[in-house]
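Me: I would like a close look at a single part of this model, taken slowly and with the numbers kept in view. Please treat one interface in one connected answer.

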Amino acid sequence: MASIQLTGLKKTYAGNVEAVKGIDLEIADGEFVVLVGPSGCGKSTLLRMVAGLETITDGTLKIDDRVVNDLEPAERDIAMVFQNYALYPHMTVFGNLAYGLKNRGVKREEIERRVHDAAAMLEIEPFLERKPRKLSGGQRQRVAMGRALVREPSAFLFDEPLSNLDAKLRVQMRVEIKQLQRRLKTTSLYVTHDQLEALTLGDRLVVLNGGSIEQVGTPMEVYEKPASMFVATFIGSPAMNMLPVAYLRERGANGLLDHLAADTDVIGIRPDDLRIEAPDEDHLVVTGTVELFEAAGAESHLYVSLEGSDQPTVIRTSARPPVAEGETMRFHVLPSALHPFNQASGKRTQQGVS
Amino acid sequence: MQTKQMTFPSRWLPYALLAPQVAITLVFFLWPASQALYQSLLRQDAFGLRTTFVGLDNFARLFDDPGYLNAVSATAVFAVGTTLLSMGMALLLAATVNRMLRSRESYTTLLVWPYAIAPAIAGVLWWFIFNPSIGIVPYILEILGYRWNHRTSGSDAMLLVIFAAAWKQISYNFLFFLAGLQSIPQSLIEAAAIDGASPFKRFWTIVFPLLSPTTFFLMVVNVVYAMFDTFGVIHATTQGGPAQATNILVYKVYADGFVGLNLGSSAAQSVILMAIVVVLTVIQFRFIERRVNY
Amino acid sequence: MVENRPWGNLLAHLILIVGVALVIFPVYVAVIASTQGPGEFLRGTLPLLPGGHALENYSAMWQAGLSRVGAPPVGQMLWNSFVMAMAITLGKLSISLLSAFAIVYFRFPFRLVFFWLIFITLMLPVEVRIIPTFQVVADLNMLNSFAGLSIPLIASATATFLFRQFFMTIPEELMEAARVDGAGPLRFFKDILLPLSVTNIAALFVILFIYGWNQYLWPLLITTDPNYYTIVMGIQRMTTAADSDPQWHLIMATVVMAALPPVLVILFMQRLFVKGLTETEK
């Protein structure tokens, strides 16, 4: 068990390409932190720097208060689960799990015990004598987890471990990873590009963009108070709608926008906050035409073109809303559901709206 | 020349890993080659007592020497003959085997093993069946009215070494042609059949052009083989005779230098051969780059 | 095939049978000759059916050799060939594996220089540098020794390139996982890279063993002591004498014994052989 401290961590590649631009982050002992962002945002590089697979250009990395910048991966007391699992194809499952322990000089009986404990926990005991190519994708994924588990490291590092699984298995493994981490209370750093995976798994999220941190917070903080337009549109699906403040004012905002900071010029509204039924409180009203109706089972999406705006707008409703394509109708928004941003800085302008 | 994205951080280990290969290369390849270059510019007197620097004179003499020019033309005849005979046979056999479904494996097995036979042994085998006094082939030829004697006839001797060299190389060419044929999509041949091309026409208009990368590759390999790897065939049989008729360049380097002890001339011949190998290797590699794209 | 005409198949089989017969014929004649008694060859042409002297000829050559022409017993020459072929094969495999590992898994100054240095060996076959190479080996006191027979031949650009190409196809993460598992470069090489290369090593082994076994010019140059004669060059010593004293039945028995080991290797490991051949020459 250990805390991980990143101070001013930087990665510069040949040709002055800055992949990671000075990251400060503190991960508490036992915490599950998810690094999330689009591809190329530096999340994997950052994880690999923590693992010791990428050299650190600048800054300090501490694991359990020990500077580990120049230590080999094996000396950092971490374990890693790779995206393509990286199982040794010529070794049995047992051999795969035992390899790291053997290299550390762990005693034979101890190896047996730990491998069997991990195998039992992951329900892969029946496969211990098989080679990886005889396993299904899900089983391989478990073996990869098992290899990390047996090491009993002070931190787990996950590099998009679920992205090679089909959708159903992905959800199942997501739950299992979460339960496992709850039980073991091992500090974990998890990289994904999938915002839903990030929201469901993490104690805290770190949203990365272009090598820098956009926002750090609990899943609910990040969802409810996105610190920037980038986070607002990246987290949550369908993505948040963005409308100019001026547009809302023209629609007769009647002082409902007065509490916003002066530099606010863009308003974000989540698709679920544009409602078909009018609430009792004071609210804003916009008018639009339903271009497309998309039934998605438990919910439905309306693609609406708002009157006087060329911004395509998405609205999420209950499964069977009383609308038809081509219909023009009014949508209602509570002032508390507005996310105020400044276009130039891309940042949120005012705290404490909700 | 890529490495892995991730590499091991060690300053001295890669050098230690390369050391054996590099040491052998320097001692047994580069140093002798540089010596050959150096010696090609020198000449020793008849008793090996005095050595003088003669510049490019050894080369100039070679190109004035009818013996050397004869070796060049013998090499050309030998290389072209061996390549054509061996590749022709191999292509015929490969194209035929490729038609077969059940017997393909068995025929392949029966055709590949001569690869294992050393050129020198191949030479001895053919030398024996063509032996003018007891060989079986001269006996048959005699009945047909031809007196075979590779001890006196230069053209008989040349044919003999070509047979021996080509025979050993058939399996190699066969395997590559077969691999080439199998990589041609069946759908193309079916398309040609629907377009009404006869089997024979299909082969020459569809299969053979698509096989041309393999053919070209094999041509280079076969020329290299005939020029450099067939020393054993010549040495174990004709020893360059009769009357220099089969004295190919590689054999001449050996005979002039090792037997005749004419070091300067032999070194100059070595240098010329090296230049030829370099050219052939470059052609082969440039071609491989293209084949990858093909 | 698109269509299967019966006469077409018949013709195809005919072509193949004639082709196979042509390929086998020289060896068939050799086998027949090796079973004859010494008198058969004086009568003119060679019989086409086996004689009854096989055992006698083979055991004579195996144990005694042709002492009149200074050829040692075949048993000993076969052993010499085997030692030389194995030394060349294992030598080439090990130094190529190490070099390829260095070139693929490390980044270091002069990497490209080393790569080209290895590449150059392709362009300098022993046939074009006969005398100076002989001089080097003589200066190193390696004439008439197994070291001299094998070491100068074990540099190998093709094997190095083959392994390099194969290593490049091994997923990056395998090495990273091994590093996280505490394996340093040498342990990674031994525990992961070597086991994964087994098929390639075996395929190359077949090709290189044949290459080593069939060496001719090199042993011819550097052995004068019959105790180091290899079988392939030993046969030549016999044939030079054969014209004056035709011992064809004995020579052919030797030929058969010389050709048998590499031919058996190909027949029993055909799949590996084909893989090795087509991949090294790419």
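The part I have in mind is the interface of chain B and chain C. Which side chains meet in a salt bridge there, and at what N to O distance?

Reply: The model is a predicted one, and in it the salt bridge is formed by the side chains of C:R271 and B:E105, with 3.8 Å from N to O. Since the cut-off for such a pair is 4 Å, the value of 3.8 Å for C:R271 and B:E105 falls within it. The count of salt bridges between chain B and chain C is one, while the residue pairs in polar contact across this interface, with both partners at pLDDT 80 or more, number 13.

These polar features belong to an interface to which chain B brings 101 residues and chain C brings 117 residues. The size of an interface is often expressed as the accessible area that is lost when the parts come together. For chain B and chain C the buried area is about 10,100 Å², and carbon and sulfur atoms account for 76% of that area.

On the side of chain B that touches chain C, the element that gives the most is helix α1 of chain B, residues 13-39, which supplies 21 residues. Sorted by class, this side of chain B holds 69 nonpolar residues, 25 polar residues and seven charged residues. The picture that results joins a buried area with 76% on carbon and sulfur atoms to one salt bridge, that of C:R271 and B:E105.

Key
Residues numbered from 1 in each chain as written. Chains lettered and ligands numbered in written order. Predicted model: local features only at pLDDT ≥ 70, side-chain atom pairs only at ≥ 80, totals over all residues. Heavy atoms only, no water. Contact = heavy atoms within 4.5 Å. Buried area = accessible area lost by both parts, 1.4 Å probe. Polar contact = N/O pair within 3.5 Å; in protein donor to acceptor, adjacent residues only side chain to side chain. Helix = DSSP H or I, 4+ residues; strand = E, 2+ residues; numbered from the N terminus. Nonpolar A, V, L, I, M, F, W, Y, C, P; charged D, E, K, R; others polar.
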